[in-house]
Amino acid sequence: MARDMLTLAVPKGRLGDAAISRLQASGLATEVDGSSRKLVFEDTKAGIVFLFVKPSDVITYVTNGVADLGIIGKDALVEAEPDVYELSDLGFGKCVFAVAGLERHHELSDGTIRVATKYPVAATRHFAKKNRTIEIIKLNGSVELAPLAGLADVIVDIVETGNTLKANGLSVFETFMDISARLICNPSSYAFHRTRIRDLEGRLRQSEEDNT
Amino acid sequence: MEFDSLQEELAYITRKASVMKEISDAVSHKGFVRYEPGYLEDHDAFLEMNRRIRKETLVRLIEPDGTLSVLRPDITRAIVRRLVPRWEDGLVFRLHYDATMFTRVPSGKTREVRQFGIEILGDGSDAADLEVLMAAADIFARFSLRFRIVIGHNAFLRSVIKGSGLPGDAQRDLYGLLMRKDRDGLKIFIRHHGIQESVFGKLTMLEGTLSDIRGMLEGVSDDALARSMSSLSAIDDAFVKAGLEESVIFDLGLVTRYDHYEGIVFKGFLKGYPEAVLQGGRYDPLTRQFNTDVPAVGCSIDIEQMIREVTRHGA
């Protein structure tokens, strides 16, 4: 890898596919084949190396300086609170944090609310603002099951269409904080490559405007 | 730091000692006296004075009488607490230190960070600001490290925020947005609080050369802005004269985790290392917290990290 290449960590999976579309709409990463199992692509013309990593590892790559930049959902940033710049709201991967549960159960609870979630930081902050005492039950997946199985009173999760909730008989009680994909950057890379990074950001913004 | 063999580790220790000696000699030569700061801070007083710091990052100790102390997370405050309350008019003191500070990382472990720092107490001039900045730049330059120093002056930012009439918690949110350079988040914030977008909307982008910044704020006339720009101009001139202008970026929206800077504020980065290794600025408000008005400016360097970069890339 040439010294001057910028490195961008792109999450694999659904968010990554949307990211590749945006990059390609901006005339970048045109060689990248999303269906390939290759994890490193170089766009020598633009001077950018793309690293395809697990979504939960994007922040790690950027904060350790292995990647200058990354694309990741705001939900992950809220949880990890990394020291990175959030240069741009890329406008895709849109969803929202929601509190959901079985009908009415939520309002009945007067004391400590048991909250099952993959997002303890977001959940804790939200209920603290409402002065509610909660007990966090940290889960790694299938959070919808928790109220059904009696593990929790409510869940806090990111919701896009709400279909999974509906299919499991859960309703959304309230939503907070809009989520979408962000372009992040570590402060050191920014100090050394500010102009090029702002150019890249501008190209990504422009292609969003062209599409809307 | 991990080593393959003891021999390698001893070679590193030897190199480190010589780097430390060179730095220490260089600043001593410039008149900075070596100083040993204290280890403990009163917990409540510390939090009261550092509202932007995350509590969970502090290493707390419970004293036998039930009071809480904090293992110093910051050296500057320890120095000020010791010296400033007894300050006498007309005194000027240049000091340097090489000391360990303590923070708790998210895993719950205590992390020790060795800091090297310099401070000038009792001198409120632009020349003192410049002296500290140049000493820091000289430390990086003398080991041929590739570095960038981002320099701001927060008189303008403070005046803009004060003029907005935002309540305290909204100000905290705003500082968070600026710290993350979150331009889109800032737009939403402006809409939500119904504030004037003209200057506020640009706060994440007031960076680059001084003429870039002037261009962005064309038509804005403000005493605080004039103060910020004149202070930065003097710094710009000095860096140009030293042939180091490539290593400097100005940023009027620069904010730090500590509340106590007023005036010049800066952060420095080394090529290839993601976090700031240099932090500093003018912190007169910190001395005012001790009921006396002693102008003070200084900076600290994450010295372990810098030495790692010296052994890897430097000369």
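Looked up the small sheet in chain B: I find an open sheet of three strands in the order 2-4-3, with antiparallel pairing (two strands pair if DSSP finds at least two bridges between them; strands are DSSP runs of E, at least two residues, and helices are runs of H or I, at least four, numbered from the N terminus). Strand 2 (40-42) and strand 3 (60-62) of chain B sit at the edges with a single partner strand each, so one side of each has no neighbour in the sheet. Neighbouring strands here are turned by 40 degrees against each other on average, direction ignored (axes are lines fitted to C-alpha atoms).

Checked one pairing: strand 3 and strand 4 (residues 68-71) of chain B run antiparallel over three bridges. In it I see Arg60(B) opposite Val70(B) of strand 4.

Note to self: this is a predicted model, where local features need pLDDT of at least 70 and side-chain atom pairs pLDDT 80 or more, while totals for chains, interfaces and linings use all residues. Residues are numbered from 1 along each chain as written, chains are lettered from A, and side-chain values use heavy atoms, without hydrogens and water.

Next, the interface: 23 residues of chain B are in contact with 26 of chain A (heavy atoms within 4.5 Å).

Then I went for salt bridges (a side-chain nitrogen of Lys or Arg within 4 Å of a carboxyl oxygen of Asp or Glu), and the rule finds seven between chain B and chain A. I looked up one of them, Glu86(A) with Arg180(B), and its closest N and O atoms are 3.4 Å apart.

Definitions and conventions:
Axes are lines fitted to C-alpha atoms, for helices over the stretch in contact, and angles run from 0 to 180 degrees between N-to-C directions.
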